[in-house]
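Open the structure in your viewer and keep the selection tool at hand, since each stop on this tour begins with something to select.

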Amino acid sequence: MAFQDIPRLYTGIAEWMAALGACFVIIGFPRDLKFWAKAVFFLLFQSTFLILTDDVPVALWVPCMCLAVFFMLIFIYSACRIPLITAGYYCAVSFLVAEFAASLNWQITYFVLSGFDTNGNHDILDDSVFHM
């Protein structure tokens, strides 16, 4: 996997966590089983959708991400029972947070797992502009 390709599972989990966090902000920590059933279903659905669309052509990447955002909107709207415009706002914020979190997670994971060479230098820094 190339450095620029964030694993879709990371993105799915990050989108779920961001949408769940938005729900916590909106309604507090829910104690009803119905909410958690929706949350688990959304996690499984979102992650499965993103994993299955991992190999789509680049031209279909934007429509797939639009669908992922739409699924986040539906989850926030149905789980929190708020007006659609409010759910749209929280969905937009959640999407931005999720993409940042998934990207940061992947950068850290890639850096840690790429390993070090025999001189103790990190392999990812060999072709860096910082390498002297």
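Begin by selecting F49 and F71, which are both buried, a word used here for under 20% relative accessible area, with exposed meaning over 50% and partly exposed lying in between, for a 1.4 Å probe and protein chains only. This is a predicted model, in which local features need pLDDT of at least 70 and side-chain atom pairs count only at pLDDT 80 or more, while totals for chains, interfaces and linings use all residues. Residues are numbered from 1 along each chain as its sequence is written, and side-chain values use heavy atoms, with hydrogens and water left out.

Now look at the two rings: the centres of F49 and F71 are 5.2 Å apart and their planes stand at 90°, so the pair is edge-to-face. Rings of Phe, Tyr and Trp (its six-membered ring) pair if their centres lie within 6.5 Å, and planes under 30 degrees apart count as stacked, over 60 as edge-to-face and the rest as tilted. Because F49 lies in helix 2 (residues 33-52) and F71 in helix 3 (residues 61-80), the pair ties together parts that are 22 residues apart in sequence; helices are DSSP runs of H or I with at least four residues, strands are runs of E with at least two, and both are numbered from the N terminus.

By this ring rule the count comes to twelve aromatic pairs. Select F35 and W36 next, an edge-to-face pair with 5.2 Å from centre to centre and 90° between the planes. F35 is buried at 2% relative accessible area, whereas W36 is partly exposed at 25%.

Finally, select T11 in helix 1 (residues 8-27), which is buried at 5% relative accessible area.
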